[in-house]
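Got your viewer open? Load the model and follow along, one selection at a time.

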Amino acid sequence: MGLWAGGRFQTRDVLPYWLAQVVGGLLAGALLWHFMDEPLSMAWLAGGSVTEALHPMQAGAFASNGYGVLSPGGYPMSMAFLCEALMTAMFVVVIMGATHWNAPAAMAPVAIGLALTLIHLVSIPITNTSVNPARSTAVALFAGSAAVQQLWLFWLAPLIGGLGGGLLYRWLGEK
């Protein structure tokens, strides 16, 4: 949505892109769900078995997003919304700036990667970091009904933030 608002994405391509992201995320979530009871070679990163790390009855299961009791830090809905919208807007501005035709192409991955790292450092304690509705949907559907009930926020806030970031970038570019 942000790239569309910033003039870098064709309107006709928005819906197919969203669908591809959501389907890809759901397939990845289903694969993780399938192997939940099996030890994975990377399970040590989560401190043990995948089942222990991602038990669907726990807040944040599957790294699902949440506010209130589902927020890692217990943050309220208003803070979660503000955080997700603001982080998404700023990420869109960084992406558009780093990929501008006049920007050094070799630095784009560095700028985007560092921005995403900072976004995660700030927002994991608040919401478990979404900034992408497809990412949120992919894990919420496997984390339980509470995560699904809060999923609306993790669509609405990033979409508003993306629109805001794209429009902000366009406005800044016209100055």
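The tour goes from the core to the pocket and ends at a charged pair. Keep in mind as you go that this is a predicted model.

**Stop 1: the cores.** Select Met36, Phe62, Val139, Ala140, Phe142, Ala143, Ala147 and Leu151, and show their side chains: these 8 residues make up the largest nonpolar core. Now colour helix H6, residues 133-143, which gives the most to this core, with 4 residues. Another core lies apart from that one; it has 7 residues, including Cys83, Met87, Ile126 and Val131.

**Stop 2: the pocket.** Keep Val131 selected and add Met1, Tyr17, Gln21 and Asn132: of the 26 residues lining the largest pocket, these five lie nearest its centre. The volume of that pocket is about 550 Å³. Which helices should you switch on to see its lining? Helix H1 (2-5), helix H2 (11-34), helix H4 (77-98), H6 and helix H8 (153-173) each supply at least two lining residues. H2 gives the most to the lining, with 5 residues. Colour the lining by residue class and you should get 17 nonpolar, 8 polar and 1 charged.

**Stop 3: the salt bridge.** Next, pick arginine 12 and aspartate 13, whose side chains meet in a salt bridge at 3.2 Å, N to O. The count for the model comes to 1 salt bridge. Are the two partners buried or exposed? Arginine 12 counts as exposed because its relative accessibility is 63%, over the 50% cut-off. Aspartate 13 has a relative accessible area of 30%, so it is partly exposed.

Technical notes. Residues numbered from 1 in each chain as written. Predicted model: local features only at pLDDT ≥ 70, side-chain atom pairs only at ≥ 80, totals over all residues. Heavy atoms only, no water. Core = buried A, V, L, I, M, F, W, Y, C linked by side-chain atoms within 4.5 Å. Buried < 20%, exposed > 50% of the residue type's maximum accessible area, 1.4 Å probe, protein only. 1 Å grid on protein atoms, 1.4 Å probe; cavity = no way out; pocket = protein on both sides within 12 Å on 5 of 7 lines; lining within 4 Å. Points joined across faces, edges and corners; volume = space filled by probe spheres on them. Nonpolar A, V, L, I, M, F, W, Y, C, P; charged D, E, K, R; others polar. Salt bridge = Lys/Arg side-chain N within 4 Å of Asp/Glu carboxyl O.
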